[in-house]
Amino acid sequence: MKKILLSASLSMALLFSSALADNALVLQTDFSLKDGAVSAMKGVAFGVDNNLKIFDLTHEITPYDIWEAAYRLHQTAQYWPPGTVFVSVVDPGVGTKRLSVVLKTKNGQYFVSPDNGSLTLVAETLGIESIRQINEKTNRLEGSEKSYTFHGRDVYAYTGARLASGAIKFEDVGQLLDPKVESISYQKASLNKDELNGNIPTLDIQYGNVWSNISDELLIKSGVVNGDTLCVQIKHNDELKYDGKAPYVSSFGDVKEGEPMIYLNSLLNVSIALNMENFAEKNKIASGAQWSITLKKCN
């Protein structure tokens, strides 16, 4: 009888432990995987709850590039379920007075990050339900109080793991803040008569295709249809970096190898490429908040 009760108790404990770790913990950093920094973060998270489901978004953000961190969160978050906890650590201001926060979006996801611009795009696209400042007295890895340069391990991974595992509730994170985040200024996608304007938030790194934030809906609204030739200008700040033309097509095989093309990427945003060549490298195009693109039908 005792064995049966013990077995039942153990089963209930395992079930309870598993139920706590219902939410995924997704990590993003600019640390790379060259050393043990990411592994240390995961170790801290497992130390909170060894049933946690931990995933990598990327650890190859360009060092210190807050804008790239903001875009990768935006690119990825929409495909994860409510309750997912994202920990994003691109933190050139680590140890300074910048705030450490958890943003809860209107779709029920959580973003643990320094409030340094990394949350710009998810706050815009997913909406802000509320924001709390991390209380580092209660939500900090025990024994790390003298460390000022690895908040990714000591504060963000620890707090994110506690939130994802159910060890704390959102209300336990810290004090409630005004529902706004530090934002990076960039060119919003717009249609002005027949001219489409947008930002180049990122490159398709592996292939050198240039992605914009101009949606398929905005492209359709402009009157562009498959087969139209579009005139394209790309600028960095106000300096013209590219001036050319390309057809709007469905896929890469619709143009000859080496020829330019305009297409919709996997996020259904307008992009420009050279079929089987590197457009960005050949034309010296980069990405970021200061890069803009203009398209319209050629006369």
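# A tour from K104 outward

Start by selecting K104: setting aside neighbours within four places in sequence, K104 is in contact with Q109, Y110, G127, I128, E129, S130 and F170. What you have open is a predicted model, so treat this as a walk through a prediction. Show K104 together with those partners, then colour the strand that holds K104, which is strand 4, residues 100–105. Is K104 buried or exposed? With a relative accessible area of 18%, K104 falls under the 20% cut-off and therefore counts as buried.

**The open sheet**

Now widen the selection to the sheet. Seven strands make up an open sheet, in the order 2-1-3-5-4-6-7, with mixed pairing. To find its edges, pick strand 2 (53–58) and strand 7 (176–177), each of which pairs on one side only. From strand 2, step across to strand 1, residues 24–29: these two run parallel and are joined by five bridges. For one particular pair, click Q28 and look for its bridge partner in strand 2, T58. If you want to see what holds such neighbours together, switch on the backbone: strands of a sheet pair through backbone hydrogen bonds, either parallel or antiparallel.

**Helix 5**

Next, select residues 151–165, which are helix 5. How far apart are the end C-alpha atoms of helix 5? They sit 19 Å apart, and at 1.5 Å a residue the 15 residues should span 21 Å, so the two values agree. Look along the helix and stop at A157, where a kink of about 30 degrees is centred. Then turn on the surface: 14 of the 15 residues of helix 5 are buried, so the rest of the structure largely encloses this helix. Just after helix 5 comes G166, with a positive phi near 90 degrees.

**Three loop residues**

Time to visit some loops. Y79 is in the loop between helix 3 (66–77) and strand 3 (85–89). Y79 counts as exposed because its relative accessibility is 57%, over the 50% cut-off. Leaving out residues up to four places away in sequence, Y79 touches S266 and L267, so display those two as well.

Jump to K193, in the loop between strand 8 (190–192) and strand 9 (195–200). Check its backbone: K193 is not a glycine, yet its phi is positive, at about 60 degrees. The residue is exposed, at 78% relative accessibility.

Now try K284, in the loop between helix 7 (279–283) and strand 16 (288–297). K284 is another non-glycine with a positive phi, about 55 degrees. Its relative accessible area is 67%, which makes K284 exposed.

**Zooming out**

Finally, show everything. The protein has seven helices and 16 strands, and its C-alpha atoms fill a box of roughly 85 × 45 × 35 Å along the principal axes. Of the 299 residues, 49% are buried. Among contacts between residues at least 6 apart in sequence, 67% join residues at least 24 apart. The accessible surface comes to about 15,400 Å², and carbon and sulfur atoms account for 52% of that.

Before you close the viewer, colour by confidence. The average pLDDT is 92, and 93% of the residues score at least 70. Residues 2–20 have a pLDDT below 50, and beyond near neighbours in sequence that stretch has seven contacts in the model.

Notes
Residues are numbered from 1 along each chain as its sequence is written. This is a predicted model: local features need pLDDT of at least 70, side-chain atom pairs count only at pLDDT 80 or more; totals for chains, interfaces and linings use all residues. Side-chain values use heavy atoms; hydrogens and water are left out. Helices (H or I, at least four residues) and strands (E, at least two) are DSSP runs, numbered from the N terminus. The expected span of a helix is 1.5 Å times one less than its number of residues. The bend at a residue is the angle between axes fitted to the seven residues ending there and the seven starting there. Buried means under 20% relative accessible area, exposed over 50%, partly exposed in between (1.4 Å probe, protein chains only). pLDDT is the predictor's confidence in each residue, from 0 to 100. Contact means heavy atoms within 4.5 Å. Accessible areas come from the Shrake-Rupley method with a 1.4 Å probe; for residues, only the protein chains shown count as cover. Two strands pair if DSSP finds at least two bridges between them.
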